[in-house]
Amino acid sequence: MTKKEEQYEIRKWQILDIALSHFIRYGFYGTSTRKIAEEAGISSGLMFHYFPNKLALYESLVEIGCEKLTIDSGEGESPLVFFEKQIEWFLSVASKNNFASRMFVFMGLVAINASDISDRAAEMIKNHDVEAMSVPYIVRGQKLGEIRPGDPTTLSVLFYASIQGFAETLVYRDDVELPEKEWFLDILRKR
């Protein structure tokens, strides 16, 4: 990568980082590309060199979030090991108010609002529904006696909602430590 290409990538990620905070705080319609450019220390015209419009910026962030909302097949492993890996990944990237934690918050908002903003974003979210993709693991875990009885969809939603909620807390609170992975796994574990 040339120095110019490297600088381009650094600036692009700076814009994405600022935009992520703005979309969380002000929503899609309240976010101003002028303010993002201002905070990045660039002109609006230069910002549009990186992203042609606000929708492209929003969809780029959704795409980044969806890349992380994929799960491997987990074939042959214990369903609890599958969920343990989900938690380990979250704990490895989560920290107080960092990009990953803010991305969790953003993706939660996208799941609620995408269909009102962008058909493309709504389709991306629909195709990366980890709660739905995890239901077969819960069903298999229940058959193996590893996962508690109950509606598999509800258990999946509860598991991921706890991660989502904790990520949201990390964004605005400095006094909270990362939990042990077992605390999340106990939501699913059969006793």
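**Exercise 1. Is Asp17 buried, partly exposed or exposed?**

Solution. This is a predicted model.
Step 1: take the relative accessible area of Asp17, which is 29%.
Step 2: compare that value with the cut-offs, under 20% for buried and over 50% for exposed.
Step 3: Asp17 is therefore partly exposed.

**Exercise 2. Find the salt-bridge partner of Asp17 and state which parts of the chain the pair ties together.**

Solution.
Step 1: the partner is Arg102, and the closest N and O atoms of the two residues are 2.3 Å apart.
Step 2: place both residues. Asp17 belongs to helix 1 (residues 3–30) and Arg102 to helix 6 (residues 99–117), so the pair ties together parts that are 85 residues apart in sequence.
Step 3: check the accessibility of the partner. Arg102 has a relative accessibility of 7% and counts as buried, whereas Asp17 is partly exposed.
As background, side chains of opposite charge can pair when their charged atoms come close.

**Exercise 3. Describe the salt bridge between Glu59 and Arg120 in the same manner.**

Solution.
Step 1: the N to O distance is 3.4 Å.
Step 2: Glu59 sits in helix 4 (residues 54–68) and Arg120 in helix 7 (residues 119–127); with their positions 61 residues apart, the pair links distant parts of the chain.
Step 3: Glu59 is buried at a relative accessible area of 11%, while Arg120 is partly exposed at 39%.

**Exercise 4. Which residue pairs with Glu77, and which residues form a salt-bridge network?**

Solution.
Step 1: Glu77 forms a salt bridge with Lys85, with 2.7 Å between the closest N and O atoms.
Step 2: Glu77 counts as buried at 15% relative accessibility, and Lys85 as partly exposed at 40%.
Step 3: through salt bridges that share partners, Glu182, Asp186, Arg189 and Arg191 are joined into one network.
Step 4: for the whole structure, the search finds 11 salt bridges. The chain carries 22 positive and 28 negative side chains, and the centres of these two sets lie 2 Å apart.

**Exercise 5. Work out which helices build the largest nonpolar core, and where Phe106 fits in.**

Solution.
Step 1: this core has 29 residues, and those touching the most other members are Ile15, Phe23, Leu57, Tyr58, Leu61, Val62 and Phe106.
Step 2: at least two core residues come from each of helix 1, helix 2 (33–40), helix 3 (44–50), helix 4, helix 6 and helix 7. Helix 1 gives the largest share, 7 residues.
Step 3: setting aside neighbours within four places in sequence, the contacts of Phe106 are Leu20, Phe23, Ile24, Tyr58, Leu61 and Val62.
Step 4: another core, of 24 residues, lies apart from this one; Leu80, Phe104, Tyr137 and Val176 are among its members.

**Exercise 6. Summarise the chain as a whole: its secondary structure, extent, burial and contacts.**

Solution.
Step 1: the chain has 10 helices and 0 strands, which gives the pattern α-α-α-α-α-α-α-α-α-α along the sequence.
Step 2: along the principal axes, the C-alpha atoms fill a box of roughly 60 × 35 × 35 Å.
Step 3: 41% of the 191 residues count as buried. The accessible surface is about 10400 Å², and carbon and sulfur atoms hold 53% of that surface.
Step 4: among contacts with a separation of 6 or more, 72% are between residues 24 or more positions apart. The salt bridge of Arg102 with Asp17 joins parts 85 residues apart.

Technical notes. Residues are numbered from 1 along each chain as its sequence is written. This is a predicted model: local features need pLDDT of at least 70, side-chain atom pairs count only at pLDDT 80 or more; totals for chains, interfaces and linings use all residues. Side-chain values use heavy atoms; hydrogens and water are left out. Helices (H or I, at least four residues) and strands (E, at least two) are DSSP runs, numbered from the N terminus. Buried means under 20% relative accessible area, exposed over 50%, partly exposed in between (1.4 Å probe, protein chains only). Contact means heavy atoms within 4.5 Å. Accessible areas come from the Shrake-Rupley method with a 1.4 Å probe; for residues, only the protein chains shown count as cover. Lys and Arg count as positive and Asp and Glu as negative; His and the chain ends are not counted. The place of a charge is taken as NZ of Lys, CZ of Arg, CG of Asp or CD of Glu. A salt bridge is a side-chain nitrogen of Lys or Arg within 4 Å of a carboxyl oxygen of Asp or Glu. A nonpolar core is a set of buried Ala, Val, Leu, Ile, Met, Phe, Trp, Tyr and Cys residues joined through side-chain atoms within 4.5 Å.
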